[in-house]
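Here is a short briefing on one helix and its surroundings. Have a look at the model first, then work through the points below.

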Amino acid sequence: MRESHQSLRNDYDVSSPELDLLCALADAQDYVLGSRLTGAGFGGCTVNLVGADSIEAFDRDVIAAYRAETHLPAVAYVTSPQPGLRTHRL
């Protein structure tokens, strides 16, 4: 995920300073397995792989730090993996 974000930032130029900061703050945490922008880029969202036991730490170490540094709003939406869609051949 980290390499994917770097590629989107460096090779495709679709990141932004704010997204780069969110990913850098996340990547600095030992409990974050990966972070990258998602969607169309040019601002918006990052996806971060964080264990359920580290959600409060992520909010403190990443979201609150981002708000303090940028004075911009930020919110984390917590989701969990789900089974994939089953497809059937006709």
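Leaving aside neighbours within four places in sequence, Ala-57 is in contact (heavy atoms within 4.5 Å) with Tyr-31 and Val-62. This is a predicted model, in which local features need pLDDT of at least 70, side-chain atom pairs count only at pLDDT 80 or more, and totals for chains, interfaces and linings use all residues. Residues are numbered from 1 along each chain as its sequence is written, and side-chain values use heavy atoms, with hydrogens and water left out.

**Shape of the helix**
- Helix H3 covers residues 55-70; helices here are DSSP runs of H or I with at least four residues, strands are E runs of at least two, and both are numbered from the N terminus.
- A kink of about 25 degrees, centred on Ala-64, interrupts H3; the bend is the angle between axes fitted to the seven residues ending at a residue and the seven starting there.
- His-71, just after H3, has a positive phi of about 60 degrees.

**Buried and exposed residues**
- Ala-57, Phe-58, Asp-61, Val-62, Ile-63 and Tyr-66 are the buried residues of H3 (under 20% relative accessible area, 1.4 Å probe, protein chains only; exposed is over 50%, partly exposed in between).
- Their cover includes helix H2 (17-27), strand E1 (32-38) and strand E2 (45-50).
- Arg-60 also lies in H3, and counts as exposed because its relative accessibility is 53%.

Key: Expected span 1.5 Å × (residues − 1).
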